[in-house]
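Here is a short tour of one model, written for someone who would rather look at residues than read about methods. Keep the structure open and turn it as you go.

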Amino acid sequence: MGKVLVTRRLFDEAVDRLNEHVSVDLNPTDRILTPDELREKLREVDGVMSLVTDRIDSALLDACPKLRIVANVAVGLDNIDLGAATRKGILVTNTPEVLTETTADLTWCLMLAAARRIVEADSFVRDGRFEAWGPRMFLGLDVFGKTLGILGLGRIGRAVARRAAGFGMRILYYDPMDVSGVLAGDLGAEKAPLEKIYAEADFITLHVPLLAETHHLLNADAFAAMKPNCVVVNTSRGPVVDERALIDALRSGTIAGAGLDVFEREPKIDPKLLSMPNVVLAPHIGSASHETRLRMCMMAAENILVALGGERPPNLVNVDAWDRRQQRT
């Protein structure tokens, strides 16, 4: 069926599954392939299992005449030039649904940790500074009964909303798509414009894809419109938030805190964020449970095998590319 590149060390089960049917070129380390290395390897393969750290742009695709499928081990596809792949008839797949609940869990971890100052308190104890209970020690923010603003009510946003119901929260959501019928009525989520969410939400969490329309969705004007006790959580993509504006808002007390799993110039993180006690930071681990990451890799492997077997892969994103291939045959 051909040859497949796996760009980083993944789960043995997924590689073994591929090896049953194709020849596998595996990068056995966690080192990210350089653009030149990636280009050289992709010239010789029919498929690639890629990660968000692999930049697959138009120039790279032009240099890979044999490539038939890019199976991204992620939901987001901002690392791939989808338009260029479609024009060349290269199939692109992702791994939806399997990471929904895990990422929603991490969203709540960050929200609670930022609200209750868990990281600060943990460091305080570890440093040996805890000598006695104090009535004003590490005063944080209540979560139960507060207002949660959800920007993007896709699968992950809805999973976050389901958890919010257990905290007795009022839920406001913004989504440019019509998703009014996707939530159970007992959640009581209310669709609202961004201005209303900024003005009324105690917590705002981001679950939008990175598109031209969502780049810097949260900017200086947005932060200025928020409540001073607001906590912002981002587990989507870093550039959805204007990081400099976020830093200014945190330093000035315009908002109370933030929980970040992604960063605008990832993996580079602004040193100012590293020194801020009112920010909880994580290294892009939204889907990082053993069970979920394994399912993601197995799904990507199946997408590759189905595509190289001549069938339409189950998680195909660019349907037009499939139509182009069918027309050629």
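Two strands count as paired if DSSP finds at least two bridges between them. With that in hand, take strand S6 (residues 147–151) and strand S9 (residues 203–206): 4 bridges join them, and they run parallel. One spot to look at is Gly149, whose bridge partner in S9 is Ile204. Bear in mind that this is a predicted model.

S6 and S9 belong to an open sheet of 7 strands, in the order S8-S7-S6-S9-S10-S11-S12, with parallel pairing. Its edge strands are S8 (190–191) and S12, each of which pairs on one side only. Lying across S6, S9, S10 (231–234), S11 and S12 is helix H5 (residues 100–116), which runs at about 150° to S10.

Now over to strand S3 (residues 47–50). Gly47 and Met49 point one way, Val48 and Ser50 the other way, and all are buried. S3 has parallel partners, set out here:

| Strand pair | Bridges | Residues facing each other |
|---|---|---|
| S1 (residues 3–6) and S3 | 3 bridges | Leu5 and Val48 |
| S3 and S4 (residues 69–72) | 4 bridges | Ser50 and Asn72 |

Next comes helix H10, where Glu243 deserves a good look. Glu243 sits in H10, which spans residues 243–252. What does Glu243 have for company, leaving aside its neighbours within four places in sequence? Its contacts are Phe263, Glu264, Arg265, Asp270 and Leu273.

Glu243 is buried, yet it has no salt bridge. Why doesn't Arg265, the nearest side chain of opposite charge, make one? Arg265 is 4.3 Å away, and a salt bridge needs a side-chain nitrogen within 4 Å of a carboxyl oxygen, so the pair falls outside the cut-off. Glu243 does have a polar atom in its side chain that lies 2.9 Å from the backbone nitrogen of Glu264.

Glu243 has buried company within the helix too: Ala245, Leu246, Ile247, Ala249 and Leu250 are also buried residues of H10. An α-helix has 3.6 residues a turn, so residues three or four places apart point the same way. Which elements help cover the buried residues of H10? Among them are helix H9 (220–224), strand S11 (257–260), helix H11 (271–274) and strand S12 (279–281).

Finally, the two ends of H10. At its start, a side-chain oxygen of Asp242 reaches to within 3.3 Å of the backbone nitrogen of Arg244. After the helix comes Gly253, with a positive phi near 80°.

Technical notes:
Residues numbered from 1 in each chain as written. Predicted model: local features only at pLDDT ≥ 70, side-chain atom pairs only at ≥ 80, totals over all residues. Heavy atoms only, no water. Buried < 20%, exposed > 50% of the residue type's maximum accessible area, 1.4 Å probe, protein only. Lys, Arg positive; Asp, Glu negative; His and termini not counted. Polar contact = N/O pair within 3.5 Å; in protein donor to acceptor, adjacent residues only side chain to side chain. Contact = heavy atoms within 4.5 Å. Axes fitted to C-alpha atoms, helices over the stretch in contact; angles between N-to-C directions.
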